[in-house]
Amino acid sequence: LPGPGFAGIDDIECAPEDYVCVLTRGHMFDPQGCVWGTRQHAHYVGMMGCKGKNTTVHDLVTSRGVTEEQWESIKRPIGLKFGAKTPAELAIAIVAELIDVRYKERYSDEARERHEQSLGR
């Protein structure tokens, strides 16, 4: 984004099939990213962050008009849980989750059940 912070975010549009990953340094702009993703009606909005940050971000996001239902639809923390710790591992966990979400939506209940079983879920 040009300029300081997220000043230009409202000038960007996304399509209903887009995935939004909110990953900002120190969570400084997480509220703006979450509000933008929900207002844009993105297919998926996920946010990096620990439980402690979620309360603060929740309060800031809902104070900007995001409903509790919209807040609950934001995946947090983003990424499949398999013990990722390093930035590279976290990136893989995030991409794996996006693939998993897409897969579940594209295939029949039977295919999704086989997929879940193959993952041990």
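This report walks through the fold, one helix, the salt bridges, two residues of a second helix and the main pocket of a predicted model.

## The overall layout

Let's start with the whole chain. Its secondary structure comes to five helices and two strands. If you read along the sequence, these elements follow the pattern β-α-β-α-α-α-α. The C-alpha atoms fill a box of roughly 45 × 30 × 25 Å, taken along the principal axes.

How much of the chain is buried? Buried residues make up 34% of the 121 residues. The accessible surface comes to about 7800 Å², and carbon and sulfur atoms account for 56% of that surface. It also helps to ask which parts of the sequence meet in space. Among contacts between residues at least 6 apart in sequence, 57% join residues at least 24 apart.

## Helix H1, wrapped by its neighbours

Helix H1 covers residues 30-39, and eight of its 10 residues are buried, so this helix is largely enclosed by the rest of the structure. You can find the buried ones in the model: Asp30, Pro31, Gly33, Cys34, Val35, Trp36, Gly37 and Thr38.

What covers the buried residues of H1? The cover includes strand S1 (19-22), strand S2 (44-47), and the helices H2 and H3. Just after H1 comes His41, which takes a positive phi of about 60 degrees.

## Salt bridges

Side chains of opposite charge can pair when their charged atoms come close. A search of the whole structure finds five salt bridges. One of them joins Glu97 and Lys75, with the closest N and O atoms 3.2 Å apart. Glu97 lies in helix H4 (residues 87-106), while Lys75 lies in the loop between helix H3 (68-73) and H4, so the pair ties together parts that are 22 residues apart in sequence. The two partners have their own surroundings: Glu97 is buried, with a relative accessible area of 5%, whereas Lys75 is partly exposed, at 27%.

Now follow H4 to Lys104, which takes part in a salt bridge with Asp100 at 3.3 Å, N to O. Both residues lie in helix H4, four residues apart, which is about one turn of the helix. An α-helix has 3.6 residues a turn, so residues three or four places apart point the same way. Lys104 counts as partly exposed because its relative accessibility is 29%, and Asp100 counts as buried because its value is 7%.

## A small network

Which other residue does Lys104 pair with? It forms a salt bridge with Glu116, and here the closest N and O atoms are 3.4 Å apart. This pair links distant parts of the chain, with Lys104 in helix H4 and Glu116 in helix H5 (residues 109-118), 12 residues apart. Glu116 has a relative accessibility of 18%, so it counts as buried, the cut-off being under 20%. Through shared partners, salt bridges join Asp100, Lys104 and Glu116 into one network.

## Two residues of helix H2

Helix H2 runs over residues 51-62 and includes His58. Is His58 buried or exposed? His58 is buried, with a relative accessible area of 17%. Leaving aside neighbours within four places in sequence, His58 is in contact with Glu68 and Trp71.

Asn54 also has its place in helix H2. With a relative accessibility of 10%, Asn54 counts as buried. Not counting residues up to four places away in sequence, Asn54 touches Met47, Gly49, Trp71 and Arg76. Try finding Trp71 in the model: it appears among the contacts of His58 and among those of Asn54.

## The largest pocket

Rolling a probe the size of a water molecule over the atoms shows where empty space is left. In this model, the largest pocket has a volume of about 180 Å³. How many residues line the largest pocket? There are 14, and Ile78, Leu80, Lys81, Ala84 and Leu90 lie nearest the centre.

You can also sort the lining by class. The lining of the largest pocket has nine nonpolar residues, along with three polar and two charged ones.

How values were computed
Residues are numbered from 1 along each chain as its sequence is written. This is a predicted model: local features need pLDDT of at least 70, side-chain atom pairs count only at pLDDT 80 or more; totals for chains, interfaces and linings use all residues. Side-chain values use heavy atoms; hydrogens and water are left out. On a 1 Å grid over the protein atoms alone, a cavity is a set of points where a 1.4 Å probe fits but cannot get out, and a pocket is an open set with protein on both sides within 12 Å along at least five of seven lines; lining residues have an atom within 4 Å of a point. Grid points are joined across faces, edges and corners, and a volume is the space filled by probe spheres set on the points. Ala, Val, Leu, Ile, Met, Phe, Trp, Tyr, Cys and Pro count as nonpolar, Asp, Glu, Lys and Arg as charged, and the others, Gly among them, as polar. Buried means under 20% relative accessible area, exposed over 50%, partly exposed in between (1.4 Å probe, protein chains only). Contact means heavy atoms within 4.5 Å. Accessible areas come from the Shrake-Rupley method with a 1.4 Å probe; for residues, only the protein chains shown count as cover. A salt bridge is a side-chain nitrogen of Lys or Arg within 4 Å of a carboxyl oxygen of Asp or Glu.
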